[in-house]
Amino acid sequence: MTIGLIGRSAGRLLVPFIFIFGFYIVVHGHLTPGGGFQGGAVIATGVALILVCYYYRECMERFIPVKSFKLVESAGLMLFICTALAGLVAASGFLFNWLNASGGLFGHAVAYGINPGDLYTAGIIPVLNFAIGIEVFGALSAVLMFMFAGLKEPTQEEDDAESSVRNIDTDKKGGRK
Amino acid sequence: MKEAGSVFQPRFVIVLIVLVTLILLLPAVGLTFGDPSISSTDQYYIDHSQTETGANNVVAAIVFDYRGFDTLGEATVLFIAVLGVAMVFRRLHK
């Protein structure tokens, strides 16, 4: 067994907070330091922790098949390109910031100078941030999953059998499994 | 192999490298570094990015608005890198 029960449980406890932190960095990319690349990398760190905390076969069969990561990555790139092309259709040019100060989604009026910031400003920049965020998340996670496939990892049954044998060996009274 | 007077003698190559380096370094003599009149775009970004793009974060305004095409290329590079990794590790993966 490479990682004990304590490590696995602590990782499982930590993973949702890492996801929330990464999502916060992605969503507030146009207001605070950070953005799509950084937030996507943070979320991919959470996926790496999941890979360490659970068994690989369990990950592949239960919740995160690698195909879904490739799907998420492609969807991010397609969202980026479609947003840029929508600028070509709705306004003057490719990647034009056509949502800015339009009054609609992400189009609130901008306060100039030092201000706490409004989440619904900056036009297409939050949309592109989100697209880049899920693209980086999918890309790094897919690379992790592909490289993890090459590792020789024991299954849960082998681990349980080994630890029970060791317990019987070390524990002279026996009885406990 | 090595004839006298060949252009591939090591001494000749070294002299050639030094000469070419000196010629390429010649324009750098008259160059003044840190001249603010050369880099006027940074002050423009600081002054105008908030009103033009609506983003409080100037870096985000540059990366996703002024230089958005560059970001598209970066995302494509990442996509192609993942395609390459998937191709290399395909046989291991089931």
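Where in chain A is the place of A:Phe94? The exercises below concern a predicted model, and the first of them takes up this question.

**Exercise 1. Locate A:Phe94 and describe the surface patch to which this residue contributes.**

Solution.
Step 1. In chain A, A:Phe94 sits in the loop that joins helix 4 to helix 5 (124-148).
Step 2. The relative accessible area of A:Phe94 is 33%, so the residue is classed as partly exposed. Membership of a patch requires over 30% relative accessible area, and the 33% of A:Phe94 is given above.
Step 3. The patch is nonpolar and covers about 580 Å². A:Phe94 is joined there by A:Ile81, A:Leu85, A:Leu88, A:Val89 and, from the other chain, B:Phe69.
Step 4. Helix 4 (residues 66-90) of chain A gives the largest share of the nonpolar patch, with 4 residues.

**Exercise 2. Characterise the backbone and the environment of A:Leu95.**

Solution.
Step 1. A:Leu95 belongs to the loop between helix 4 and helix 5 of chain A.
Step 2. The phi angle of A:Leu95 is near 65 degrees, which is positive although the residue is not glycine. Most residues other than glycine have a negative phi.
Step 3. Is A:Leu95 buried or exposed? The relative accessibility of A:Leu95 is 8%. Because buried means under 20%, A:Leu95 counts as buried.

**Exercise 3. Compare the folds and surfaces of the two chains from their separate descriptions.**

Solution.
Step 1. Chain A contains 6 helices and 0 strands, in the order α-α-α-α-α-α from the N terminus. Chain B contains 4 helices and 0 strands, and its pattern along the sequence is α-α-α-α.
Step 2. In chain A, 38% of the 177 residues count as buried. In chain B, buried residues account for 21% of the 94 residues.
Step 3. The accessible surface is about 9,900 Å² for chain A, with 69% belonging to carbon and sulfur atoms. Chain B exposes about 7,300 Å², with 71% supplied by carbon and sulfur atoms.
Step 4. For contacts in chain A between residues at least 6 apart in sequence, 68% link residues at least 24 apart.

**Exercise 4. Show how A:Val15 illustrates a contact between residues separated in sequence.**

Solution.
Step 1. A:Val15 is part of helix 1 (residues 5-27) of chain A.
Step 2. With a relative accessibility of 7%, A:Val15 counts as buried.
Step 3. Beyond residues up to four places away in sequence, A:Val15 touches A:Gly46, A:Leu49 and A:Ile50.
Step 4. A:Val15 and A:Leu49 are 34 residues apart along the chain, and their C-alpha atoms are separated by 6.9 Å.

**Exercise 5. Describe the setting of A:Asp118 and its separation from A:Leu85.**

Solution.
Step 1. A:Asp118 is placed in the loop between helix 4 and helix 5 of chain A.
Step 2. The relative accessibility of A:Asp118 is 30%, so this residue counts as partly exposed.
Step 3. Leaving aside neighbours within four places in sequence, A:Asp118 is in contact with A:His30, A:Leu31 and A:His108.
Step 4. A:Asp118 and A:Leu85 lie 33 residues apart in sequence, with a C-alpha to C-alpha distance of 26 Å.

**Exercise 6. Identify the contacts of A:Asn129 and the chain to which each partner belongs.**

Solution.
Step 1. A:Asn129 lies in helix 5 of chain A.
Step 2. The relative accessible area of A:Asn129 is 0%, and the residue is therefore buried.
Step 3. With neighbours within four places in sequence set aside, A:Asn129 contacts A:Val26, A:Gly29, A:His30, A:Gly35 and A:Gly36 in chain A, and B:Phe64 in chain B.

**Exercise 7. Analyse the interface of chain B and chain A.**

Solution.
Step 1. How many residues does the contact take from each chain? Chain B gives 29 residues and chain A gives 44 residues.
Step 2. The size of an interface is often given as the accessible area lost when the parts come together. Here, chain B and chain A bury about 2,900 Å² between them, with 69% of it on carbon and sulfur atoms.
Step 3. The rule finds 0 salt bridges across this interface, and 4 residue pairs in polar contact, both residues being at pLDDT 80 or more.
Step 4. On the side of chain B that touches chain A, the elements giving two or more residues are helix 2 (41-53), helix 3 (58-66) and helix 4 (68-88) of chain B. The largest share of that side, 12 residues, is supplied by helix 4 of chain B.

Note on methods. Residues are numbered from 1 along each chain as its sequence is written. Chains are lettered from A and ligands numbered from 1 in the order in which they are written. This is a predicted model: local features need pLDDT of at least 70, side-chain atom pairs count only at pLDDT 80 or more; totals for chains, interfaces and linings use all residues. Side-chain values use heavy atoms; hydrogens and water are left out. Buried means under 20% relative accessible area, exposed over 50%, partly exposed in between (1.4 Å probe, protein chains only). Accessible areas come from the Shrake-Rupley method with a 1.4 Å probe; for residues, only the protein chains shown count as cover. Patches are made of residues with over 30% relative accessible area and no salt bridge: like charges are joined within 9 Å, nonpolar side chains (Val, Leu, Ile, Met, Phe, Trp, Tyr) within 5 Å. A salt bridge is a side-chain nitrogen of Lys or Arg within 4 Å of a carboxyl oxygen of Asp or Glu. Contact means heavy atoms within 4.5 Å. Buried area is the accessible area (1.4 Å probe) that two parts lose on being put together, summed over both. A polar contact is a pair of N or O atoms within 3.5 Å; within protein, one must be able to donate a hydrogen and the other to accept it, and residues adjacent in sequence count only if both atoms are side-chain atoms.
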